[in-house]
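Here are my notes on this one, written so that you can follow along in the viewer. Have a look at the ligand first, then at the empty spaces and the backbone.

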Amino acid sequence: MNLCSERDLRPLLERHGFRFSKSMGQNFLIDPEIPAAIADASGADKSGGVLEIGPGVGALTAELSKRAGKVVSVELDRALLPVLAETMRGLENVEIVQGDALKLDLSALAAEKFDGLTPTVCANLPYNITSPILEKLILTPCFQSVTVLVQKEVAERLAAPEGSGDGGSFALFLRYYMVPEIALEVSREKFLPRPKVDSALLRCVRRAAPAVDVPDEAYFFRVVRGAFLLRRKTIVNSLAAALPELPKEVIRDAVRARGLPETVRGERLTLRDFAELSRRLRAAET
Ligand code: SAM
């Protein structure tokens, strides 16, 4: 059976009485070249254990299975379990786990299932959980890389170079821990049902150590988020709103001391700028 052929897929899903759920972001890949290209880009090999989120009918799962030591796929929709039991039959290194990837302890799951293997993530993510699941994956240090198909605009924002003006606080959060790049673009025609947007494959490789050395990570991220609190406002105004305990003049001085114009906006700053700025602001608070 070709899991990416609409002609094979429709009767399979009908036989199991399956109906697509929009709320679970169910858009399945229907071009066989795409799951193979995603699995290739993920760098999966026999030394690795791949966590997949949302296998659907298993098109990407099957390609990962050919390359990886083991594949563990977490699927929320119970209606897909009998379908997967059929389509994944005979793939000895694939294990399906029913559950909500947002709620599961993914670190414990990887430790339990990937003994001796290097854990990575590869998935065609449901659009509606992109941010929370990415945040969770970034904060799960065992995953050496995270390769995910997401909405194209989201991928572009997250892979935008620091200070380019196209990123936001989440892009900086990602870049602090990982190095992101766009590996592939996938047009909306390659999915069933067809979504309203195109997709892109975001490949993120974990850094050996965070991109910048900061004495107080929580405060550093408070400053990063604060810089974007007020959209289209200067960093001085936005940080004055986010850090009400600091006089605006102190914030202005810290921005100037970093060699930045006081009219600068958050999206123009690099992680190094934020590291230095947060160090100065934190010193002014104590
Ligand atoms: N991997 C398949 C493919 O590429 O054709 C399906 C991808 S589809 C975009 C997203 C999948 O994630 C669906 O199978 C959906 O049921 C599943 N899903 C949605 N929310 C989930 C969650 N919170 N945890 C685990 N799986 C989820």
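1. Let's start with Pro55: one of its backbone N or O atoms lies 3.3 Å from a nitrogen atom of the ligand. That makes a polar contact, meaning a pair of N or O atoms within 3.5 Å. Bear in mind that this is a predicted model, where local features need pLDDT of at least 70 and side-chain atom pairs count only at pLDDT 80 or more, while totals for chains, interfaces and linings use all residues. Residues are numbered from 1 along each chain as its sequence is written, and side-chain values use heavy atoms, with hydrogens and water left out.

2. Which other backbone atoms touch ligand nitrogen? A polar backbone atom of Gly54 is 2.8 Å from a nitrogen atom of the ligand, and for a polar backbone atom of Ala101 the distance to a ligand nitrogen is 3.0 Å.

3. How much of the ligand does the protein bury? On its own the ligand exposes 600 Å², and 98% of that is buried by the protein (areas by the Shrake-Rupley method with a 1.4 Å probe).

4. The ligand's home is the largest pocket. A pocket here is an open set of points on a 1 Å grid over the protein atoms alone, with protein on both sides within 12 Å along at least five of seven lines; "sits in" means that more than half of the molecule's atoms lie within 2 Å of those grid points. Two elements, β1 (28–29) and β3 (70–75), give two or more residues to the shell around the ligand (strands are DSSP E runs of at least two residues, helices H or I runs of at least four, numbered from the N terminus).

5. Who are the neighbours? The ligand has 22 residues around it, and Gln26, Gly54, Glu75, Asp100 and Asn124 come nearest (a neighbour has a heavy atom within 4 Å). By class, this shell has 11 nonpolar, seven polar and four charged residues; Gly counts as polar in this scheme.

6. Now the enclosed spaces: there are two cavities of 30 Å³ or more, a cavity being a set of grid points where a 1.4 Å probe fits but cannot get out. The largest cavity has a volume of about 80 Å³, that is, the space filled by probe spheres set on the points. Its lining has 13 residues, with Pro161, Glu162, Gly163, Gly167 and Leu172 nearest the centre (lining residues have an atom within 4 Å of a point).

7. Finally, check the backbone at Leu192 to Pro193: that peptide bond is cis, with omega near -15°. Pro193 belongs to the loop between β8 (191–192) and β9 (199–206).

Note on methods:
A polar contact is a pair of N or O atoms within 3.5 Å; within protein, one must be able to donate a hydrogen and the other to accept it, and residues adjacent in sequence count only if both atoms are side-chain atoms.
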